[in-house]
Amino acid sequence: MLQAIIEARDITKFFTQPDGGRIEVIAPTDLAIYPSTIVALLGPSGSGKSTLLRMLSGLARPSAGEVFWHGQPLDGQIPNVGIVFQSFALFPWLTVLENVETPLKAAGLSAMERRKRALRMLDTVGLDGFETAYPKELSGGMKQRVGFARALVVEPEVLFMDEPFSSLDVLTAENLRSELLELWLSKKIPTRTIFLVTHNIEEAVLLADRIIVLGRNPGRVRADFQIVLPQPRDRKSHNFIELVDHIYKVLTQPEIEHVLHLQDSGAVTASRVKYQMLPHARPGSIAGLLELLADRGGRDDLYHLANDLSMEVDDLLPIVEGATLLGFARLLEGDTEITAEGSAFAETDILTRKVLFREAALKNVSILRQIDSVLRTKSDHTIQDEFFRDILDKYFSEDEVERQFETALHWGRYAEIFDYDSGSGRLFLTDNTTEASPTSQQSSE
Amino acid sequence: MIRRSLRIRALVPGGPWSILPGGTWSRLNDAFIFAVGLALFYGIIRVAQSWFGPFTPQVEISRNPMALPGYAAYSLARIAVAYGLSLAFTLVYGYIAAYNPKAERFMIPLLDVLQSIPVLSFLPGVMLAMVALSPKHQLGLEFGAILLIFTGQVWNMAFSFYSSLKSIPKEMRETARIFRFSPWQRFTQVELPFAAIGLVWNSMMSVAGGWFFLMACEMFVLGSKDFRLPGLGSYLQTAASAGDKFAIVWGILVMIAIIVLLDQLVWRPVIAWAEKFKMEQVESRHLPHSWVLEILRRSKSLGYLQQVAFVPLAESLELYLARKSRARHRPAQVPKWGKWTVVALGAMFLLAVLYAVGGQPQCWLSWTVPKSRS
């Protein structure tokens with residue numbers, strides 16, 4: 001067995017709340033990166049992919065546990081690595097050549113040596129002739145080439161890439177990917193291992209020798225496997241499709257969640273039981289998915305769905321999760337199947353849909369149930385939104401609280417459980433005495 | 001490879017410079033730069049002579065328009081020195097506030113407070129203190145005026161620099177970290193360029209504001225004492241109190257000329273040069289132009305000077321600091337003196353505030369007047 005370049009032992013990342021509670025972003029994780037491999041880290045948004053990358057590269061310190069570099073603890077130092085970002089992160093005030101020279105200057109190399117090495121690397125990535133151009137004169141693909149050149153010019157042992165192709169258009173991304181792969185396979189780039197973070201399953205299967213799949217809330221490794229398909233890989237081949245499908249299944253396997261069942265009074269215990277997390281899907285998207293499923297006989301493969309909708313897994317997954325959470329659909333080995341409630345929802349008109357959505361939401365979604373019961377108990381049927389943000393604060397990070405609250409708002413307003421005045425920040429009970437009657441609905445608004 | 005593309009860039013013809021044979025313009029260029037440099041040098045010598053000359057609190061202000069260029073030079077020198085101080089203060093203050101969370105907690109509110117204190121309320125105290133510091137030379141009085149202009153210029157610049165540092169994109173910082181930039185390289189290649197645009201515009205605003213305070217602090221009466229410094233401000237005040245309309249018009253004309261010249265010779269070139277620091281993804285169509293910048297860029301002698309002196313000097317400094325920073329194993333530690341700088345700065349500000357509050361003219365006069373009698 002080869003000696004690992006990077007070894008993470010029991011690393012974890014959490015944020016401490018003002019009240020002393022902890023929000024775990026990455027659960028304790030062991031991970032080893034070996035030479036001569038392309039490792040792809042896959043996961044839905046919010047699974048802490050970038051956080052893990054930053055801990056492995058030395059950019060961020062783990063809250064607990066330790067990262068070892070060739071057996072030595074990293075201890076806040078940066079090892080010999082290069083990094084490529086989705087946003088390129090080039091210095092706009094420096095020319096292409098000067099940008100690529102910056103890491104060499106930091107290494108204390110002489111001007112002649114810097115120029116020689118930078119020019120050689122620009123040649124390798126196909127930027128010959130652009131040395132004196134400024135980044136803003138270049139297209140996105142060209143900018144990312146500069147990013148690659150800058151990362152590779154230091155001859156890093158590990159090249160870290162944080163969604164390097166995500167901000168490029170499809171064709172440019174495809175082109176750059178295959179060029180990178182070619183350079184890697186012909187050993188023209190001076191790096192021993194590549195660590196790629198992506199949310200694009202096909203990209204991972206296309207490039208990687210090893211794929212690590214992360215789950216979320218908190219982020220943890222859900223699957224870690226080798227890919228033995230020979231390069232270059234054919235997207236249309238049976239094995240390729242099989243593999244992509246398998247990863248979809250891993251990503252969508254229902255996770256066991258300990259949903260906190262709240263008292264009707266709305267009081268929350270201080271225990272750190274995991275709170276139900278809303279997937280960030282709009283009711284309209286969920287309705288669209290259910291209609292599509294109903295059209296296809298009630299069941300379809302997730303990979304097909306994603307392909308037909310030309311959506312990336314990151315965008316599709318929350319919608320599927322939303323439908324599942326509401327009991328409108330269920331996941332069966334990577335397939336999505338519509339339930340009886342889901343069919344009823346898909347086939348009815350808009351007003352009945354709202355009623356069905358309301359029933360499903362109050363039955364399955366704890367935050368909405370909680371808001372509903374609090375609003376009903378209060379004499380004026382209204383409450384400040386801070387009340388619920390405070391509840392969510394105990395379980396989620398600051399940004400996630402905002403997203404959770406926003407999603408709860410979308411769902412609650414669609415279901416006509418409550419209404420929200422963003423000016424005063426108050427939630428108030430929708431007048432339900434004449435529920436689902438279009439005329440009185442208008443008059444009450 | 002690189003030489004080829006560099007030459008292409010240099011050969012691109014442009015403007016009136018392509019009409020004449022290369023040599024003539026380049027010689028004229030250099031002659032112009034040399035003349036401006038000489039004039040500046042002469043001005044600095046003259047101003048220095050006056051500042052280090054004997055203490056004369058009441059310079060006789062002439063209303064003759066012929067005296068105006070000299071007065072304008074004195075005023076400009078005051079503004080320039082005050083601006084230089086402001087810039088130095090800005091860089092230090094903004095840097096500490098942006099990187100030291102403990103210091104940030106009191107430095108930023110303090111900036112707000114200082115910003116809202118009217119500068120003219122400092123005038124008597126500051127002037128008398130400076131005169132007391134250097135009673136033999138004109139320097140004390142001059143420095144008092146400069147300090148007042150400084151307090152009118154510095155706050156918005158410091159705030160701009162601080163907020164620029166705070167808004168450097170995370171990934172740009174991470175790039176500097178992962179490639180282990182030395183603190184100096186980070187400063188010159190990331191932080192200062194990123195803050196450049198904000199600093200340039202705030203500098204323009206500050207210097208413009210400086211003209212306003214100049215009028216007040218070149219000539220004022222404190223109790224029985226009458227202070228006068230040679231300058232545009234005192235010229236205009238003298239002319240106004242004498243009712244000399246002819247002199248007033250001349251004074252205003254010179255002032256406008258100075259402002260236009262400053263714009264053309266200083267701000268336009270700086271703005272055109274700072275264009276490259278814009279954080280934009282695509283090149284904008286309308287680029288600011290400056291004929292002065294063109295002249296400077298085309299100057300052969302300046303180019304030679306840069307190649308021979310400036311570039312090697314900067315290079316050796318950068319490499320020395322980079323190697324030193326690499327040699328240190330733990331670059332993340334905050335140096336001990338950083339803490340003491342913060343403490344010292346805090347103490348200085350506290351003193352300054354106390355001084356401004358307690359240093360009212362009456363009590364200062366009561367201390368100084370008996371002394372002068374004895």
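This is a short talk through one predicted model, with most of the time spent on chain A.

Hi everyone, thanks for coming. Please keep in mind throughout that we are looking at a predicted model.

Let me start with the overall picture of chain A. The chain has 16 helices and 16 strands, and its C-alpha trace spans about 80 × 50 × 45 Å along the principal axes. Of the 445 residues in chain A, 55% are buried. If you take the contacts with a separation of 6 or more, 68% of them join residues 24 or more positions apart. As for the surface, chain A exposes about 19,100 Å², and carbon and sulfur atoms supply 51% of that. On charge, there are 46 positive and 65 negative side chains in chain A, with the centres of the two sets 5 Å apart.

Now to the strands. One open sheet in chain A has 4 strands in the order β2-β1-β4-β5, with antiparallel pairing. Its edge strands are β2, residues 22-33, and β5, residues 72-73, each of which pairs on one side only. At the β5 end, β4, which covers residues 64-69, pairs with β5 over 2 bridges in the antiparallel sense. If you would like to find that spot on screen, look for A:Trp69, which stands opposite A:Gln72.

Next is β9, residues 210-215 of chain A. Why can we call β9(A) largely enclosed by the rest of the structure? Because 6 of its 6 residues are buried. As a reminder, in a regular strand the side chains alternate between the two faces of the sheet. In β9(A), both faces are covered: A:Arg210, A:Ile212 and A:Leu214 are buried on one side, and A:Ile211, A:Val213 and A:Gly215 are buried on the other. Yes, that includes an arginine, A:Arg210.

Which strands does β9(A) pair with? One of them is β3, residues 38-42 of chain A, which runs parallel to β9(A) over 4 bridges; there, A:Leu41 has A:Ile212 as its bridge partner. Another is β10, residues 220-226 of chain A, paired antiparallel with β9(A) over 6 bridges. In that pairing A:Val213 stands opposite A:Ala223. β9(A) and β10(A) form a hairpin with 4 residues between them, and A:Asn217 in the turn has a positive phi of about 55 degrees.

Let's move to the helices, beginning with α13 of chain A, residues 366-377. This helix has 12 residues and reaches 16 Å from its first C-alpha to its last, close to the 16 Å expected. α13(A) is mostly covered, with 9 of its 12 residues buried; among them are A:Ile367, A:Leu368, A:Ile371, A:Val374 and A:Leu375. What do those buried residues pack against? Their partners in chain A are the helices α12, α14 and α15 and the strands β14, β15 and β16.

One residue of α13(A) deserves a closer look, and that is A:Ser373. Its relative accessibility is 15%, so A:Ser373 counts as buried, the cut-off being under 20%. A:Ser373 sits 41 residues from A:Leu332 in sequence, and their C-alphas are 33 Å apart in space.

Two of those packing partners are worth following. α15(A) has 17 residues and reaches 25 Å end to end by C-alpha, close to the 24 Å expected. Its buried residues include A:Val401, A:Phe405, A:Leu409, A:Trp411 and A:Tyr414. Just after α15(A), A:Glu416 takes a positive phi of about 55 degrees.

Then there is β15(A), which has a covered face with A:Phe418 and A:Tyr420 and an uncovered one with A:Asp419 and A:Asp421. β15(A) is joined to β16(A) by 4 bridges, and the two run antiparallel. Here A:Asp419 has A:Phe428 as its bridge partner. The hairpin of these two strands has 4 residues between them, with A:Gly425 at a positive phi near 70 degrees.

Last stop, A:Ser57, which lies in helix α1 of chain A, residues 49-57. Buried or exposed? A:Ser57 has 0% relative accessibility, so it counts as buried. Beyond its neighbours within four places in sequence, A:Ser57 is in contact with A:Leu74, A:Ile78, A:Pro79, A:Val81 and A:Phe160, and also with B:Ile178 from chain B.

That's my tour. Thanks for listening!

Technical notes: Residues are numbered from 1 along each chain as its sequence is written. Chains are lettered from A and ligands numbered from 1 in the order in which they are written. Side-chain values use heavy atoms; hydrogens and water are left out. The expected span of a helix is 1.5 Å times one less than its number of residues. Buried means under 20% relative accessible area, exposed over 50%, partly exposed in between (1.4 Å probe, protein chains only). Contact means heavy atoms within 4.5 Å. Accessible areas come from the Shrake-Rupley method with a 1.4 Å probe; for residues, only the protein chains shown count as cover. Lys and Arg count as positive and Asp and Glu as negative; His and the chain ends are not counted. The place of a charge is taken as NZ of Lys, CZ of Arg, CG of Asp or CD of Glu. Two strands pair if DSSP finds at least two bridges between them.
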